[in-house]
Amino acid sequence: MVVKTERCAFSEYWIFPGHGMKYVRKDGQPIILSGSKAKSLYLQKLKPSKLQWTQGWRRLNKKALVDTISKKRTRRNTKIARAIVGASLDDIKKLQSRKPAEKSAAREAALKEIKDRNKKAKAAKISKSGPSGGKAQASKQKGQKGAKLGSTGR
């Protein structure tokens, strides 16, 4: 059995037989409204799209479940490995494919090399300045006078 249903002119909800009311406008156009709430708001000339409970508002704010319109699929960016300055693509792939043990061994070797370089540079600096070089600088700093007490420095 088919039930004849109408749509409310204000809220756009389905109106089943025995419910709702017909309102005839001044121009003779019959309008079917779901109830006194819809009629009152229609006569106040309120826009259905401003009221959250109406289908018009739900459509405007994309709240309605629409089966006909499928969501656009976004394209995912694919990562492409490219060579950079100082390293070819093959070199980069070799570095990435190394095992964790090899990576940590290479890192420790590089750190050891840096520490050795720093020790050599420090030793060269000490031997250059001489054994009494450090004390002479300290005595100069100690002999300098500081700012007077109570002065604002302006």
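**Close-up 1. Arginine 25 and its salt bridge with aspartate 27.** Arginine 25 is partly exposed, at 33% relative accessibility (buried is under 20% relative accessible area, exposed over 50%, partly exposed in between; 1.4 Å probe, protein chains only). Its partner, aspartate 27, is exposed, with a relative accessible area of 56%. The closest N and O atoms of the pair are 3.2 Å apart. A salt bridge here is a side-chain nitrogen of Lys or Arg within 4 Å of a carboxyl oxygen of Asp or Glu. The model is predicted: local features need pLDDT of at least 70, side-chain atom pairs count only at pLDDT 80 or more, and totals for chains, interfaces and linings use all residues. Residues are numbered from 1 along each chain as its sequence is written, and side-chain values use heavy atoms, with hydrogens and water left out.

**Close-up 2. Lysine 4 and glutamate 6 joined by a salt bridge.** The N to O distance is 2.9 Å. Lysine 4 is exposed, at 63% relative accessibility. Glutamate 6 is partly exposed, with a relative accessible area of 29%.

**Close-up 3. A salt bridge within helix H4, between glutamate 113 and arginine 117.** Helix H4 covers residues 100-129 (helices are DSSP runs of H or I, at least four residues, numbered from the N terminus). The two residues sit 4 residues apart, about one turn of the helix. Their side chains meet at 3.6 Å, N to O. Glutamate 113 is partly exposed, at 49% relative accessibility.

**Overview. Salt bridges in the whole structure.** A search of the whole structure gives 4 salt bridges. Among them are arginine 25 with aspartate 27, lysine 4 with glutamate 6, and arginine 117 with glutamate 113.
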